[in-house]
Amino acid sequence: MQAERGWSTYKLSYESGLTQSTLSNMFTRGTCPTVDTLEKICEAFGISLSEFFEEDERKIYASKEEQDLLNKYRALSDKEKDAVRSTVNALFKK
(Lines give C-alpha, C1' and ligand atoms only; values in the text may rest on other atoms or scores of the structure.)
Protein backbone atom coordinates (compact mmCIF):
# COMPACT_ATOMS: atom_id res chain seq x y z
CA MET A 1 0.00 0.00 0.00
CA GLN A 2 2.91 2.29 0.66
CA ALA A 3 4.22 1.79 -2.86
CA GLU A 4 0.73 2.07 -4.39
CA ARG A 5 0.35 5.52 -2.84
CA GLY A 6 3.90 6.58 -3.52
CA TRP A 7 4.52 7.14 0.18
CA SER A 8 8.04 7.35 1.52
CA THR A 9 8.94 5.88 4.89
CA TYR A 10 8.87 9.45 6.19
CA LYS A 11 5.29 9.92 4.95
CA LEU A 12 4.15 6.64 6.54
CA SER A 13 5.95 7.62 9.74
CA TYR A 14 4.17 10.99 9.75
CA GLU A 15 0.73 9.53 8.99
CA SER A 16 1.03 6.67 11.48
CA GLY A 17 2.82 8.45 14.31
CA LEU A 18 5.51 5.76 14.31
CA THR A 19 9.20 6.53 14.20
CA GLN A 20 11.09 6.05 10.98
CA SER A 21 13.45 3.67 12.76
CA THR A 22 10.52 1.43 13.76
CA LEU A 23 9.36 1.26 10.16
CA SER A 24 12.88 0.81 8.79
CA ASN A 25 13.48 -2.11 11.15
CA MET A 26 10.32 -3.78 9.91
CA PHE A 27 11.17 -3.25 6.25
CA THR A 28 14.92 -3.88 6.22
CA ARG A 29 15.33 -6.39 9.04
CA GLY A 30 11.98 -8.08 8.61
CA THR A 31 11.00 -7.63 12.24
CA CYS A 32 7.41 -8.45 13.01
CA PRO A 33 5.31 -5.47 14.11
CA THR A 34 3.32 -5.48 17.32
CA VAL A 35 -0.46 -5.34 17.08
CA ASP A 36 -0.31 -1.70 18.24
CA THR A 37 2.18 -0.84 15.49
CA LEU A 38 0.12 -2.65 12.88
CA GLU A 39 -3.03 -0.83 14.02
CA LYS A 40 -1.26 2.53 13.61
CA ILE A 41 -0.14 1.59 10.11
CA CYS A 42 -3.66 0.48 9.20
CA GLU A 43 -5.12 3.70 10.57
CA ALA A 44 -2.66 5.71 8.49
CA PHE A 45 -3.86 3.89 5.38
CA GLY A 46 -7.49 4.21 6.42
CA ILE A 47 -8.15 0.49 6.67
CA SER A 48 -9.01 -1.97 9.43
CA LEU A 49 -6.83 -4.83 10.63
CA SER A 50 -9.20 -7.31 8.98
CA GLU A 51 -8.86 -5.46 5.66
CA PHE A 52 -5.09 -5.59 6.04
CA PHE A 53 -5.18 -9.37 6.27
CA GLU A 54 -7.63 -9.91 3.40
CA GLU A 55 -6.02 -11.90 0.62
CA ASP A 56 -7.89 -10.27 -2.27
CA GLU A 57 -5.10 -8.29 -3.95
CA ARG A 58 -7.56 -6.70 -6.37
CA LYS A 59 -9.01 -4.59 -3.59
CA ILE A 60 -8.31 -0.89 -3.94
CA TYR A 61 -7.77 1.12 -0.78
CA ALA A 62 -8.89 4.73 -0.57
CA SER A 63 -6.77 7.39 1.07
CA LYS A 64 -8.25 9.55 3.81
CA GLU A 65 -8.87 12.31 1.27
CA GLU A 66 -10.58 9.88 -1.11
CA GLN A 67 -12.75 8.52 1.70
CA ASP A 68 -13.71 12.07 2.67
CA LEU A 69 -14.73 12.86 -0.91
CA LEU A 70 -16.71 9.64 -1.19
CA ASN A 71 -18.56 10.31 2.07
CA LYS A 72 -19.42 13.83 0.94
CA TYR A 73 -20.53 12.55 -2.47
CA ARG A 74 -22.83 9.99 -0.86
CA ALA A 75 -24.52 12.76 1.15
CA LEU A 76 -25.46 14.71 -2.01
CA SER A 77 -28.86 14.64 -3.68
CA ASP A 78 -29.20 12.84 -7.03
CA LYS A 79 -29.21 16.20 -8.81
CA GLU A 80 -26.04 17.28 -7.02
CA LYS A 81 -24.37 13.96 -7.84
CA ASP A 82 -25.19 14.51 -11.52
CA ALA A 83 -23.55 17.94 -11.34
CA VAL A 84 -20.42 16.47 -9.74
CA ARG A 85 -20.18 13.72 -12.38
CA SER A 86 -20.60 16.27 -15.18
CA THR A 87 -17.89 18.48 -13.71
CA VAL A 88 -15.45 15.59 -13.29
CA ASN A 89 -16.13 14.31 -16.80
CA ALA A 90 -15.56 17.81 -18.20
CA LEU A 91 -12.20 17.99 -16.42
CA PHE A 92 -11.06 14.79 -18.11
CA LYS A 93 -12.06 15.99 -21.58
CA LYS A 94 -9.55 18.85 -21.46
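Author: In this predicted model, helices are DSSP runs of H or I with at least four residues, numbered from the N terminus.

Reader: In which helix does T37 lie, and is T37 buried or exposed?
Author: The place of T37 is in helix α4. Beyond residues up to four places away in sequence, T37 touches L18, T22 and M26. Because buried means under 20% relative accessible area and T37 has a relative accessibility of 10%, T37 counts as buried.

Reader: Which helix gives the most to the largest nonpolar core?
Author: The largest nonpolar core has 11 residues in all, among them W7, L12, L18, M26, C42 and F45. Both α3, covering 20-29, and α4, covering 35-45, supply at least two residues of this core. With five residues, the helix that gives the most to this core is α4.

Reader: Which residues does F45 touch, if residues up to four places away in sequence are not counted?
Author: F45 is itself one of the residues of the largest nonpolar core, as are W7 and L12. With residues up to four places away in sequence left out, the contacts of F45 are M1, Q2, R5, W7, L12 and A62.

Reader: Why is there no bond between the sulfur of C42 and that of C32?
Author: C42, at 2% relative accessibility, counts as buried, whereas C32, at 73%, counts as exposed. A disulfide requires a pair of cysteine sulfur atoms within 2.5 Å, and by this rule the count of disulfides comes to zero. The cysteine sulfur closest to that of C42 is the one in C32, and it is too far for a bond because the distance is 13 Å.

Reader: What is the N to O distance in the salt bridge between R85 and D82?
Author: R85 and D82 both lie in helix α7, three residues apart, which is about one turn of the helix. R85 is partly exposed, with a relative accessible area of 39%, and D82 counts as partly exposed at 41%. Their side chains meet in a salt bridge whose N to O distance is 2.2 Å.

Reader: About how much accessible area do the residues of the nonpolar surface patch V84, V88, L91 and F92 have together?
Author: One of these residues, F92, lies in helix α7, which covers residues 78-92. F92 counts as exposed because its relative accessibility is 71%, where exposed means over 50%. Together, V84, V88, L91 and F92 form a nonpolar patch on the surface with an accessible area of about 390 Å².

Definitions and conventions:
Residues are numbered from 1 along each chain as its sequence is written. This is a predicted model: local features need pLDDT of at least 70, side-chain atom pairs count only at pLDDT 80 or more; totals for chains, interfaces and linings use all residues. Side-chain values use heavy atoms; hydrogens and water are left out. Patches are made of residues with over 30% relative accessible area and no salt bridge: like charges are joined within 9 Å, nonpolar side chains (Val, Leu, Ile, Met, Phe, Trp, Tyr) within 5 Å. Accessible areas come from the Shrake-Rupley method with a 1.4 Å probe; for residues, only the protein chains shown count as cover. A salt bridge is a side-chain nitrogen of Lys or Arg within 4 Å of a carboxyl oxygen of Asp or Glu. Buried means under 20% relative accessible area, exposed over 50%, partly exposed in between (1.4 Å probe, protein chains only). A nonpolar core is a set of buried Ala, Val, Leu, Ile, Met, Phe, Trp, Tyr and Cys residues joined through side-chain atoms within 4.5 Å. Contact means heavy atoms within 4.5 Å.
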